[in-house]
Amino acid sequence: MRPAKPLTGADRERLLNGAHHEPHALLGGHLTRSGVVIRVLRPYALSVTVLGKGLRAELHEEGDGFFSGVLPMRQVPEYSLQVRYEGNEGNADNTVEFGDPYRFLPSLGELDLHLIGEGRHEELWGALGALPMNHQGVAGTRFTVWAPNAQGVRLVGDFNHWDGTAFPLRSLGSSGVWELFVPEVGEGALYKFDITRPDGSHTVRSDPMARRTEVPPANASVVTVSRHVWGDGEWMAQRGERPVHEAPFSVYEVHLASWRPGLSYRQLAEQLPRYVRDLGFTHVEFMPVAEHPFGGSWGYQVTGFYAPTARMGSPDDFRHLVDALHRAGIGVIMDWVPAHFPRDDWALAEFDGRPLYEHTDPARAAHPDWGTLEFDYGRKEVRNFLVANAVYWCEEFHIDGLRVDAVASMLYLDYSREHGQWSPNEHGGRENLDAVAFLQEMNATVYRRCPGVVTIAEESTAWDGVTRATHHVGPAGFGGLGFGLKWNMGWMHDSLGYAAHEPVHRKYHHNEMTFSMVYAYSENYVLPISHDEVVHGKQALVSKMPGDWWQRRANHRAYLGFMWAHPGKQLLFMGQEFAQGAEWSHEHGPEWWLMDETYHSAGDHRGVRDLVRELNAVYAATPALWQRDTVPEGFAWVDGGAAEDNVFAFLRFDAHGGPLLAVSNFSPVVRNEYRLGVPPVVSAWAEVLNTDAARFGGGDVRNVEPLKPEPVGAHGHRTSIPLTLPPLATVWLKPM
């Protein structure tokens with residue numbers, strides 16, 4: 001083998017410094033007039049030999065780890081490399097054989113690059129990141145990363161002793177995408193990207209598109225392949241048959257890592273579906289599952305947007321959990337956090353040496369409340385990263401709903417910012433037009449691609465049209481954001497404020513329980529008692545209530561009865577279903593011991609849980625409570641003004657006019673012969689739920705016999721019924 005013409009000093013330096021945009025033009029095999037030139041960069045190697053069919057040729061050493069030679073051939077052969085390294089502590093030299101990454105054509109197609117450049121690649125996870133594949137007949141893994149400001153990118157991992165000198169990626173035109181196919185590297189390999197910044201310095205980063213990660217605090221990305229075989233075909237086929245706002249929708253919110261601390265995804269799959277199904281919830285909502293470095297963030301500071309947290313197992317283990325829930329008839333919603341990301345120097349922040357995922361204006365990029373960075377929604381590649389991420393969870397993990405966190409912080413340029421700390425939009429307003437466009441695109445894309453999936457906004461302001469279709473323009477000149485549901489933060493704040501007052505003072509706050517009906521049909525609402533309401537000194541739900549232990553539990557039960565009957569879907573955070581008195585701790589989770597038979601008050605907590613089970617059972621069997629949640633025809637006040645009595649009475653109606661009467665008495669006194677006007681078409685009413693029942697821990701003041709309307713006018717009706725209202729209780733009645 002003849003020596004090859006040496007590289008120029010500039011090319012050598014750029015390759016050695018990881019700053020070359022086209023290493024494949026210099027490394028690998030290339031046909032020239034004098035034959036096939038093969039050049040290899042292998043630092044620390046003693047020798048490199050080219051192996052092929054009828055071929056064995058040792059390359060000439062050029063220094064600095066470069067080896068090259070000219071083969072007298074007319075085409076580049078298929079070949080591998082045999083590399084000899086010095087042995088350890090006097091042992092024999094170590095020889096390894098592997099394929100040359102630099103003999104392969106690009107493994108990412110022109111269509112992928114075009115879609116990435118347009119910001120329209122809806123399956124971005126199939127184009128970027130680490131993808132095991134067969135390329136040109138060879139098994140290996142394709143590594144791709146978007147880093148448009150980088151001078152160069154190198155691959156480091158456990159397969160090259162975390163030294164990327166010999167593994168530079170090539171830049172694919174003007175796309176900003178870098179690519180390298182590495183033979184023999186496969187599932188389970190750990191890797192990162194060593195990026196040369198514009199100033200020549202280096203930063204080692206985890207893959208933004210990693211589909212699996214190490215267990216925190218380790219932060220390497222992991223090559224992964226899914227082998228899960230789904231068993232939820234029946235669920236997936238039927239989940240879109242009925243619009244979510246016209247269906248039962250009762251949600252149990254769960255922090256997976258602390259629901260039963262220490263359980264893996266597969267262990268959770270054995271216990272969680274059984275528990276949720278027993279209580280009758282239709283859905284679970286997982287607090288953020290995507291990988292996050294700090295457990296104390298509860299998952300809301302995400303670094304691995306495409307990877308389920310490795311704390312509880314592999315991505316396929318998480319798929320197994322979702323599958324188990326679906327086979328139990330339970331939908332799965334997950335919290336999704338596209339509003340911001342943490343500043344960890346191995347993750348997204350200034351990823352390639354300059355602001356990339358975050359806004360270039362530091363004032364726009366910095367989130368004032370959380371010390372994090374906000375995404376640049378105006379950059380098409382960033383918007384694509386997030387839109388594709390929403391689709392990814394729904395398609396790859398069969399997620400049934402995305403609850404989008406902190407929407408208000410995305411919508412307003414002046415969110416938590418004082419005068420002078422923000423700049424208005426092009427129209428002089430405070431709306432973040434880029435964020436509006438992103439949310440509309442995300443919702444439209446998810447609903448188009450994923451039938452039966454619902455998106456839910458945690459939006460705490462009066463933004464117009466959160467759940468309006470994106471093509472319907474509202475009075476403010478904006479199309480709707482396109483969400484399916486919105487958390488009703490106003491109802492939550494007002495109703496909890498009312499419930500916290502002593503009964504003697506509640507009459508002065510009566511409107512806090514009725515005001516929600518003024519705007520109840522402005523959006524499609526979920527009534528949330530979430531994790532945010534039972535932490536940071538806010539107290540658990542039962543502990544917010546006034547009075548002694550009996551009264552607090554009674555208030556708790558009455559409140560849940562009112563909540564389940566009120567228009568809107570409902571969400572309850574774990575631990576509140578059995579009246580846990582302590583605030584939630586992400587380290588310890590729910591206090592399950594409260595229901596242990598050896599605990600003297602276990603019956604009190606079991607009674608509340610039994611009530612939640614009964615609420616869900618009656619709710620699911622009563623279309624009046626869910627079929628017309630979003631239209632005024634589904635609700636009518638009987639008496640919304642009984643402030644002196646602390647009583648609220650209203651009717652709910654199903655699509656055929658079938659009624660349910662809900663009455664809540666938030667006074668600690670029994671009200672006998674309490675007359676309420678009712679429609680004359682009902683011949684008799686029967687009590688179907690009473691939160692004061694003895695089996696729920698109440699005093700068992702009940703309406704045992706059917707209540708027949710009497711020809712006594714009341715509340716605008718010609719007929720009425722005299723009820724017995726238990727103290728601090730909610731009663732539901734249905735026609736006999």
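**Sheets, barrel and helix packing in the predicted model**

An open sheet of 4 strands follows the order β9-β10-β13-β12 and is paired in the antiparallel sense; pairing requires at least two bridges found by DSSP between two strands. Strands β9 and β12 (170–171) form the edges, each pairing on one side only. Helices (H or I, at least four residues) and strands (E, at least two) are DSSP runs, numbered from the N terminus. The structure is a predicted model, in which local features need pLDDT of at least 70 and side-chain atom pairs count only at pLDDT 80 or more, whereas totals for chains, interfaces and linings use all residues. Residues are numbered from 1 along each chain as its sequence is written, and side-chain values use heavy atoms, with hydrogens and water left out.

Within the open sheet, β12 is joined to strand β13 (residues 177–183) by 2 bridges in the antiparallel sense. Ser171 has Trp178 in β13 as its bridge partner.

A closed barrel of 8 strands, with parallel pairing, runs β17-β18-β21-β24-β25-β26-β27-β28. From one strand to the next, the twist averages 25 degrees. Strands β17 (residues 250–254) and β28 (residues 569–573) run parallel and are joined by 4 bridges. Val251 lies opposite Leu571 in β28. Helix α10 (residues 433–449) packs on the sheet, where it touches β21 (331–336), β24 (401–404) and β25 (454–457), and its direction makes about 155 degrees with that of β25. Contact is defined as heavy atoms within 4.5 Å. Axes are lines fitted to C-alpha atoms, for helices over the stretch in contact, and angles between N-to-C directions run from 0 to 180 degrees.

Helix α10 also takes part in a salt bridge, formed by Arg120 and Glu441, whose closest N and O atoms are 3.2 Å apart. This pair links distant parts of the chain, as Arg120 is in the loop between α2 (110–118) and β9 (129–135) and Glu441 is in helix α10, 321 residues apart. The count of salt bridges comes to 39, with a side-chain nitrogen of Lys or Arg required within 4 Å of a carboxyl oxygen of Asp or Glu.

Helix α11 (residues 489–500) packs against helix α15 (residues 549–565) at an angle of about 150 degrees, the axes being 11 Å apart. The two helices are therefore roughly antiparallel, a term applied to angles over 145 degrees. Trp491, Met492, Ser495, Leu496 and Ala499 in α11 meet Tyr559, Phe562 and Met563 in α15. By class, this contact has 7 nonpolar, 1 polar and no charged residues; Ala, Val, Leu, Ile, Met, Phe, Trp, Tyr, Cys and Pro count as nonpolar, Asp, Glu, Lys and Arg as charged, and the others, Gly among them, as polar.

Key
Angles under 35 degrees count as roughly parallel, over 145 as roughly antiparallel, 65 to 115 as roughly perpendicular and the rest as oblique.
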